[in-house]
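Here's a quick briefing to read alongside the model. Take a look at the structure first, then work through the points below.

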Amino acid sequence: MIIFGSRTTQRIIAALFFVCTFCNAEAAQRLVRVRSMFTLFFIPVFPFGHGQYMISCAYCGNQTALSRASAEEFQRDAVELEAARMNAETAVPEIPSA
Ligand SMILES: [Zn+2]
């Protein structure tokens, strides 16, 4: 007997800090990718269908659906912000010349 089915998986792929539209608290807003996986004997084998994106508030837990274009923009912003933060951390402070 072959046992097959499906299961949805959620993965946080990026995070940004901004004010939540639901609870109005400034908190980490996590970009979550939701995918359906085909399972064989309860083991996920491969994804199927189009993945969905959601923003999940770390403070209140509210989840809002997001379009693919908006999700990609969110990811770009998160990457740029992280790069800017890394540059700020590794920058050598300028020594004022006399
Ligand atoms: Zn919230």
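**Quick briefing**

Just 9% of the 98 residues in this chain count as buried. Keep in mind that this is a predicted model. The chain holds 1 helix and 4 strands, and from the N terminus the order is β-β-β-β-α.

**Overall shape**

- The radius of gyration of the chain comes out at 19 Å, whereas a compact globule of 98 residues would sit near 13 Å.
- Lined up along the principal axes, the C-alpha atoms fill a box of roughly 85 × 30 × 20 Å.
- If you take the contacts with a separation of 6 or more, 51% of them are between residues 24 or more positions apart.

**The annotated stretch**

- UniProt, in an unreviewed entry, lists residues 19-67 as "domain: Zinc-ribbon".
- In the model, that span is 71% strand and 0% helix.
- The C-alpha atoms at the two ends of residues 19-67 are 19 Å apart.

**Strand 2 with strand 3**

- Strand 2 covers residues 26-40 and strand 3 covers residues 43-57; the two pair in the antiparallel sense, with 11 bridges.
- For one pair to find on screen, go to Thr39, whose bridge partner in strand 3 is Pro44.
- These two strands make a hairpin with 2 residues between them.
- Check the backbone at Phe41 in this hairpin: its phi is positive, near 50°.

**Strand 3 with strand 4**

- Strand 3 also runs antiparallel to strand 4 (residues 63-66), and 4 bridges join them.
- Here, Ile55 stands opposite Thr64 of strand 4.
- Strand 3 and strand 4 form a hairpin too, with 5 residues between them.
- In that turn, Gly61 has a positive phi of about 80°.

**A look at Phe18**

- Phe18 is part of strand 1, which spans residues 4-19.
- Is Phe18 buried or exposed? Phe18 counts as exposed because 12 other C-beta atoms lie within 10 Å, and the cut-off for exposed is 12 or fewer.
- Leaving out residues up to four places away in sequence, Phe18 touches Glu26 and Gln29.
- Phe18 and Leu81 are 63 residues apart in sequence, with their C-alpha atoms 12 Å apart in space.

Notes
Residues are numbered from 1 along each chain as its sequence is written. This is a predicted model: local features need pLDDT of at least 70, side-chain atom pairs count only at pLDDT 80 or more; totals for chains, interfaces and linings use all residues. The radius of gyration is taken over C-alpha atoms; the globule rule is 2.2 Å times the number of residues to the power 0.38. A residue is buried if 20 or more other C-beta atoms lie within 10 Å of its own, exposed if 12 or fewer, and partly exposed in between; C-beta atoms are placed from the backbone. Two residues are in contact if their C-beta atoms, placed from the backbone, lie within 7 Å. UniProt positions are given in the numbering used here, feature names are shortened, and annotations may be inferred rather than shown by experiment. Two strands pair if DSSP finds at least two bridges between them.
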